[in-house]
Amino acid sequence: MRPDASGSARRGGTPLSRRAVLAAGTAAAALAPVPAAAAPGGRAKLRTGFERLEGDGYALLDGERVGVVTNPTGVTRDVRHIVDVMHTDARVNVIAVFGPEHGFRGTAQAGGSEGRYDDPATGLPVYDTYQKSGQPLADVFTASGVDTVVFDIQDVGARFYTYIWTLYDCMEAAQLAGKRFVVLDRPNPVTGRDALGPVLHKEFATFVGRQPVSQAHGMTVAELARLFNKEFLAKPVKLDTVLMSGWKRSDFYDASGLPWVPPSPNMPTPDTALVYSGSCLFEGTNLSEGRGTTRPFELLGAEGVDGRWAAAAERLGLPGVHFREAYFAPTFSKFQGKTIGGVQIHVHDRAAFDPVRTGIALLVTAKQVWSGFAWRSDNWIDKLTGSTLVRTRIDAGASADEVVAAWQDELKAFRQMRKEYLVYK
């Protein structure tokens, strides 16, 4: 019998087909990594959750009508989209696609989606999940006619990157609609070594943070799904996770051998993801976070900022990173078409680099050297950091180290909870 995430039988005394028996083995194996074939040089070759699912002949989805929550990152290593692959494979019955922020095919900018349409490549109906949750999203799943919802999106490791909350919302909605939920795992591109940063306080919950998770969570989407299901959902969904093989927690994305497809328009490279969980905090200020440049989140600045900022940040001697005085003209977003001054973040030792501490240090030094510094008037910084802690302490003149010290107790508690759901070594 095929168990769900809690180990309970789901098909009672119904006779099982050979493929259903295979499915039982697949679901059980999904709860723990399995050995992978060796790649050149003796290192095990990484296999994504989709590669393992396809390799098992989609046994886990046998006889079910399937809907896929995905975006342009849901690709094979030869950059074919998994929906295109599954659509032409008789072994699996995909009948719907669900698009998140930016859309299924990725045509929308930040804060946008593609709406409801029929995909020209496959003819499949594409439903919009963006800004839908709870019963309205459950109604979308019901209307689609699917039995099982499959999730396959590349995350970047930061609490405020919205795809993990698309995961959460879809899990909750699938439970309300009586659907099974399957997560196909992919690497955390900035490693799964540790959780960093402040933990969200529930009164600050938004789509950039639904639940008490640290700012850099250090988990994969399958690990997060297991945590969400047990810790945060009012009622658990029938969950299966198809884990990777060949991935180590210390791996950065380039160790995966996988192509990088930008998960969103302003996440062009894994280098962007490396700094994002810290430098995205500048969205909560009147400084540019580098949108509209070729190095978003690595370039930060504003009118009137000069070389004193880079010099002040460099004097802190932060591990693994240097700061260069930089001038740039964003083509859109803040300061569009204006030449502004600021810094470029240069990570020279990514293993030593702490993106969240670096982001805090840059906020502190920017406020020290530039009289024009201001928080966004809606206090968006509190939504990004998960509480008033960062904003109020910086306003009170705290140093970066003092700000970081203030969240250590809540971070320790999250790290302890997180341990139960870490399935990779």
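This is a short walk through the cores, the main pocket and the cysteines of one structure. Keep in mind that the model is predicted.

Start with the packing. The largest nonpolar core holds 108 residues. Four of them have the most contacts inside it: L167, F181, F228 and L363. Which helix gives this core its largest share? Helix α5, residues 163-177, with 10 residues.

Now take F228. What does F228 touch, leaving aside residues up to four places away in sequence? The list is I164, W165, L167, Y168, M171, V213 and L233. Note L167 there, which is itself among the residues with the most contacts inside the core.

Apart from the largest core lies another one. That core has 21 residues, including L53, V68, M86 and V150.

On to the empty space. Rolling a probe the size of a water molecule over the atoms shows where such space is left. The largest pocket comes out at about 440 Å³. How many residues line the largest pocket? The count is 26. Nearest its centre are E101, A110, G111, E283 and R291. By class, the lining splits into 14 nonpolar, six polar and six charged residues.

Last, the cysteines. A disulfide is a covalent bond between the sulfur atoms of two cysteines. How many disulfides does a search of the whole structure find? Zero. Are C170 and C280 buried or exposed? C170 has a relative accessible area of 0%, under the 20% cut-off, so C170 counts as buried. C280 is at 1%, so C280 is buried too.

Notes
Residues are numbered from 1 along each chain as its sequence is written. This is a predicted model: local features need pLDDT of at least 70, side-chain atom pairs count only at pLDDT 80 or more; totals for chains, interfaces and linings use all residues. Side-chain values use heavy atoms; hydrogens and water are left out. A nonpolar core is a set of buried Ala, Val, Leu, Ile, Met, Phe, Trp, Tyr and Cys residues joined through side-chain atoms within 4.5 Å. Buried means under 20% relative accessible area, exposed over 50%, partly exposed in between (1.4 Å probe, protein chains only). Helices (H or I, at least four residues) and strands (E, at least two) are DSSP runs, numbered from the N terminus. Contact means heavy atoms within 4.5 Å. On a 1 Å grid over the protein atoms alone, a cavity is a set of points where a 1.4 Å probe fits but cannot get out, and a pocket is an open set with protein on both sides within 12 Å along at least five of seven lines; lining residues have an atom within 4 Å of a point. Grid points are joined across faces, edges and corners, and a volume is the space filled by probe spheres set on the points. Ala, Val, Leu, Ile, Met, Phe, Trp, Tyr, Cys and Pro count as nonpolar, Asp, Glu, Lys and Arg as charged, and the others, Gly among them, as polar. A disulfide is a pair of cysteine sulfur atoms within 2.5 Å.
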